[in-house]
Amino acid sequence: MNVTPPPLPLAFSRRHLLGIEGMTAEEATGLLDLAEQAIEISRQIEKKKSVLRGRTLINLFFEASTRTQSSFELAGKRLGADVMNMAVGNSAVKKGETVIDTAMTLNAMRPDILVVRHHAAGAVELLAQKVGCSVINAGDGAHEHPTQALLDALTIRRHKGDIAGLTVAICGDIAHSRVARSNILLLNILGARVRVVGPSTLLPTGIERMGVEVFTDMRAGLADADIVMMLRLQRERMEGSYVPSIREYFHFFGLDREKLGYAKPDALVMHPGPMNRGVEIDSSVADGPQSLIGEQVEMGVAVRMAVLEALAAHLPNA
Amino acid sequence: MLNAVNGGGDRPLVFENARVVDPSRNLDAPGAVIVADRRIVAAGPDAARTTRPAGAEVIDCRGAVVAPGLVDMRVFVGEPGAEHRETFASAGQAAAAGGVTTIVTMPDTDPVIDEGALVDFIGRRARDETAIRVHPVAAITKGLEGREITEFGLLREAGAVAFSDGRRTVTNAAVMRRALTYARDFGALIMHHAADPNLVGAGVMNEGEVATRLGLAGIPKEAEIVVVERDVRLAALTRGRCHIAQVSCAESLDVVRRAKAAGISITCGASINHLTLNENDIGPYRTFFKLAPPLRAEDDRLAVVEGVADGSIDVIVSSHDPQDVDTKRQAFAEAADGAVGLETMLPAALRLFHSGNIGLVTLFRALATRPAELLGLEVGRLAPGAPADLILVDLDAPWVLDPDTLRSKSKNTPFDGARFSGRVLRTLVAGRTVFKAAGP
């Protein structure tokens with residue numbers, strides 16, 4: 001793809017990326033355009049830029065993650081930053097330190113960018129108020145996961161050209177999903193028609209007021225959809241609490257070839273990972289020709305490079 | 001089907017000189033009923049003028065009532081696990097003799113009906129063993145433990161007609177909320193026994209003077225009322241369909257009336273026992289009157305009768321619960337709850353008709369039409385095209401109940417020696433005679 005570099009400063013000129021909430025279409029499009037360039041860089045032999053040379057990026061993960069953390073790590077390194085991974089789950093927090101104390105400790109080490117994941121909604125924003133560097137939300141509870149929404153948008157845009165006017169069905173555990181919330185916000189900003197599909201026990205109260213159509217049946221929810229976005233169902237929610245069993249969930253809500261057949265013939269399938277095969281998605285679909293699941297991972301690195309680059313341009317001492 | 005009296009019964013039937021009662025059309029009028037190909041062809045005054053099908057058997061009803069066969073939403077059968085108390089075969093014979101053509105079986109068996117394979121088992125056993133219709137209810141929670149909801153979707157596909165934890169109450173409000181929410185997606189009905197087990201505590205009969213004089217621990221009405229109030233709130237929140245299996249007191253009924261007036265999707269039933277008996281009937285510690293919910297005071301009985309009369313109570317159930325010598329020949333406090341009722345529900349209900357409390361159309365609506373509607377069954381009515389599940393009833397025939405003649409394997413009836421006016425002469429399921437009274 002031949003993309004002209006966007007002029008800096010970008011439309012996105014914030015100090016932190018805490019969520020999609022409040023983002024404009026111009027800001028989002030600017031980040032996606034920048035990410036297109038990052039894809040090119042990542043596909044070269046020399047995968048390096050120097051916009052973050054000398055900068056320190058700390059991955060502060062209060063909740064375990066493989067793919068998001070390594071994606072940010074690679075993104076930082078490809079832009080020339082020094083990257084440090086802090087798996088807080090097995091250190092200070094276990095000894096009773098508060099989120100803010102941990103953040104202040106790290107802040108004293110003078111990082112430039114903190115990438116934070118926390119199991120509690122709002123914790124990343126709280127932390128951002130206390131530190132002097134830029135903060136990227138890598139997922140806070142069931143609230144937001146903005147870089148996931150951006151990478152999903154980038155993936156869709158590269159396959160469908162334009163997001164505006166597409167019908168996107170987000171399926172499964174909407175209630176506990178930060179991915180769903182960030183995607184609902186971003187896809188609305190970019191002009192898609194968004195649906196959520198799942199059993200009522202997994203649909204949070206008031207979701208219909210977030211700009212989505214609500215379905216409790218896959219056949220109706222997937223009808224004429226351009227994009228089918230599956231969400232992970234966590235094991236502790238499967239056994240009789242929110243849904244009675246894995247086999248019942250898979251029978252009614254697991255994406256297999258038959259259910260995918262309700263969507264448009266050229267519908268594309270996405271999943272933020274990690275997948276539960278045989279729970280929310282069948283292998284024949286996950287590994288099938290309509291699946292973009294592998295590509296989402298590549299777009300993840302590109303989008304995170306774009307976000308880091310955009311934030312770096314506005315660091316206090318830039 | 002087995003046990004069909006008079007052979008195949010596929011010959012067309014004409015019931016002449018009948019009093020035809022069909023609540024689905026608010027009909028109570030002299031007329032005829034014509035049955036062919038297992039379905040109602042015509043029923044009512046018009047049917048008397050309709051041409052009879054060729055080769056029809058003509059039955060002169062001599063003014064007896066033809067009404068829809070009863071649909072009993074709360075029946076405990078001992079199978080599987082307690083076949084010494086009741087089997088599908090014995091329950092089916094008792095039902096047919098009592099004019100009950102459809103029974104809805106509770107899941108508290110051993111094993112508990114909480115798996116599709118078990119629902120399928122009930123369906124096959126019932127088909128093989130009985131001539132009446134049997135619809136299984138599956139458990140709301142796995143093992144009736146009140147914690148994890150069962151596979152409503154798969155159980156529905158296997159044939160479960162509704163969900164209930166039987167004799168148990170789902171005490172955890174969050175579990176009940178989730179059950180009602182999840183059931184809504186499948187259009188499933190949740191049927192709930194409303195009795196807070198902590199308020200029931202060690203109680204064994206209605207709390208009050210009678211219990212105090214007998215020296216028995218009481219069960220306050222509030223054990224029921226608080227659960228009904230909670231369920232109304234949860235039905236409003238979730239918009240799920242909630243059915244209170246049995247209301248036993250005036251206050252519960254007031255809660256239901258207000259909820260219905262507010263458009264909340266709640267319905268309720270009352271057992272024939274609570275409509276015709278009260279706590280004084282317990283007398284000298286008679287355990288066949290030990291029920292859950294317990295028999296209440298006469299004021300409450302009258303309130304429940306009024307509830308059926310004004311339609312606040314949707315259905316009448318037998319709450320047929322066979323118990324054997326081992327569980328009933330005990331000190332009152334240690335005896336099991338429950339009474340058989342399939343064979344006595346209709347005669348006992350007719351007491352309310354004879355006393356002038358409840359009209360025939362209203363009575364049969366609660367006994368047949370409304371339960372079929374709540375469960376989405378096409379029976380319970382005599383409208384043309386409906387399945388020919390019907391009964392011929394002599395409203396005035398006097399008789400005395402001898403428990404030894406009960407077809408149920410268990411004889412724990414609170415109507416031992418009771419005098420009744422009215423009995424079933426003939427019962428048809430899908431156009432086939434499955435019961436015919438002896439005698440002239």
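The following exchange discusses how two chains meet in a predicted model, and its cysteines.

Biologist: How many residues of chain A are in contact with chain B, and what area is buried between the two chains?

Modeller: On the side of chain A, 17 residues take part, and they are in contact with 18 residues of chain B. The size of an interface is often given as the accessible area lost when the parts come together. Carbon and sulfur atoms give 49% of the area buried between chain A and chain B, which is about 1,400 Å².

Biologist: Which residue of chain B forms a salt bridge with A:Arg247?

Modeller: Between chain A and chain B there are 2 salt bridges. The side of chain A that touches chain B has 5 nonpolar, 9 polar and 3 charged residues. In the salt bridge of A:Arg247, the closest N and O atoms are 2.5 Å apart, and the partner is B:Glu151.

Biologist: Which elements of chain B help to cover the buried residues of α8(A)?

Modeller: Helix α8 of chain A spans residues 246–253, and its buried residues include A:Tyr249 and A:Phe253. Their cover includes α7, β8 and α9 of chain A. From chain B, the cover includes α4 (152–158) and α5 (173–185).

Biologist: How many disulfides does the structure hold, and why is B:Cys249 not in one?

Modeller: A disulfide is a covalent bond between the sulfur atoms of two cysteines. B:Cys249 is buried, with a relative accessible area of 0%. Its closest cysteine sulfur, in B:Cys268, is 11 Å away, which is too far for a bond because a disulfide needs sulfur atoms within 2.5 Å. Over all chains, the number of disulfides is 0.

Conventions:
Residues numbered from 1 in each chain as written. Chains lettered and ligands numbered in written order. Predicted model: local features only at pLDDT ≥ 70, side-chain atom pairs only at ≥ 80, totals over all residues. Heavy atoms only, no water. Contact = heavy atoms within 4.5 Å. Buried area = accessible area lost by both parts, 1.4 Å probe. Salt bridge = Lys/Arg side-chain N within 4 Å of Asp/Glu carboxyl O. Nonpolar A, V, L, I, M, F, W, Y, C, P; charged D, E, K, R; others polar. Buried < 20%, exposed > 50% of the residue type's maximum accessible area, 1.4 Å probe, protein only. Helix = DSSP H or I, 4+ residues; strand = E, 2+ residues; numbered from the N terminus.
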